[in-house]
Amino acid sequence: MEAEQKMRIVQELVPGKQITLAHIIANPDQSFYAAAGLQGAQNGAIGIVNASPAEFALIAGDIGVKASGVQVAHIDYHESGTLIMTGAVSEVQSALSAILAYCGARADFTVCEITKT
């Protein structure tokens, strides 16, 4: 019997210009804020953006704040490129829409659609 050959797969992140996640958590339970490490937020929606390159999360945060009344709850621009914002559902929607519009039209990013739960 011949020995089985195992397939070896190597995965690596190749930073590109892309927004891979733009999601709104519309009405989270109160316990969700503390569990997610969002102690400053007590109510309202949560917006999550994931950007590559990671440093773009800073620019996305600036765009979101200027486009609406959201508050920035977290930015990781060193590794993951994650931006988390809080505010009214309409504010978070406006912030995400502005970020995706800028990225797609002005920065030549590949962008995803906004999802919502």
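This is a selection-by-selection tour of a predicted model. Residues are numbered from 1 along each chain as its sequence is written, and side-chain values use heavy atoms, without hydrogens or water. Local features need pLDDT of at least 70 and side-chain atom pairs count only at pLDDT 80 or more, while totals for chains, interfaces and linings use all residues.

**Strand 4**

Select residues 82–87, which form strand 4; helices (H or I, at least four residues) and strands (E, at least two) are DSSP runs, numbered from the N terminus. Of its 6 residues, 6 are buried (buried means under 20% relative accessible area, exposed over 50%, partly exposed in between, with a 1.4 Å probe and protein chains only). Thr82, Ile84 and Thr86 point one way from the strand, and Leu83, Met85 and Gly87 point the other way.

Add strand 2, residues 45–52, which pairs with strand 4 in the antiparallel sense over 6 bridges. Two strands pair if DSSP finds at least two bridges between them. Asparagine 50 has threonine 82 as its bridge partner in strand 4.

Now add strand 3, residues 71–76, which is also antiparallel to strand 4, over 5 bridges. Here aspartate 76 stands opposite threonine 82. Strands 3 and 4 form a hairpin with 5 residues between them. In the turn, select glycine 81, which has a positive phi of about 75°.

Back in strand 4, pick threonine 86. Threonine 86 is buried, at 9% relative accessibility. Apart from neighbours within four places in sequence, its contacts (heavy atoms within 4.5 Å) are Ala41, Ala45, Ile46, Val70, Gln71, Ala73 and Val92.

**The nonpolar cores**

A nonpolar core is a set of buried Ala, Val, Leu, Ile, Met, Phe, Trp, Tyr and Cys residues joined through side-chain atoms within 4.5 Å. Select Ile19, Val49, Phe56, Met85 and Ile99: these have the most contacts inside the largest core, which has 20 residues. Strand 1 (18–25), strand 2, helix 2, strand 4 and helix 3 each give two or more residues to this core. Helix 3 provides the largest share, 6 residues. A second, separate core has 7 residues, including Ile25, Leu38, Ala41 and Ile46.

Return to phenylalanine 56 and show what surrounds it. Leaving aside neighbours within four places in sequence, phenylalanine 56 is in contact with Ile19, Ala51, Tyr102, Cys103 and Phe109.

**Helix 2 and the surface**

Which side chains meet in a salt bridge? Select aspartate 62 and lysine 66, with 3.1 Å from N to O. The whole structure has 1 salt bridge, defined as a side-chain nitrogen of Lys or Arg within 4 Å of a carboxyl oxygen of Asp or Glu. Aspartate 62 and lysine 66 are 4 residues apart in helix 2 (residues 56–67), so about one helical turn separates them. Aspartate 62 is partly exposed at 36% relative accessible area, and lysine 66 is exposed at 66%.

Leucine 58 is also in helix 2 and is partly exposed, at 39% relative accessibility. Select it with Ile59, Tyr77 and Tyr102 to see a nonpolar surface patch of about 320 Å². Such patches use residues with over 30% relative accessible area and no salt bridge, joining like charges within 9 Å and nonpolar side chains (Val, Leu, Ile, Met, Phe, Trp, Tyr) within 5 Å; areas come from the Shrake-Rupley method with a 1.4 Å probe, and for residues only the protein chains shown count as cover.

**Last stop**

Finish at alanine 105 in helix 3 (residues 89–105). Alanine 105 is exposed, with a relative accessible area of 69%. Draw a C-alpha to C-alpha distance to proline 53: the two are 17 Å apart in space and 52 residues apart in sequence.
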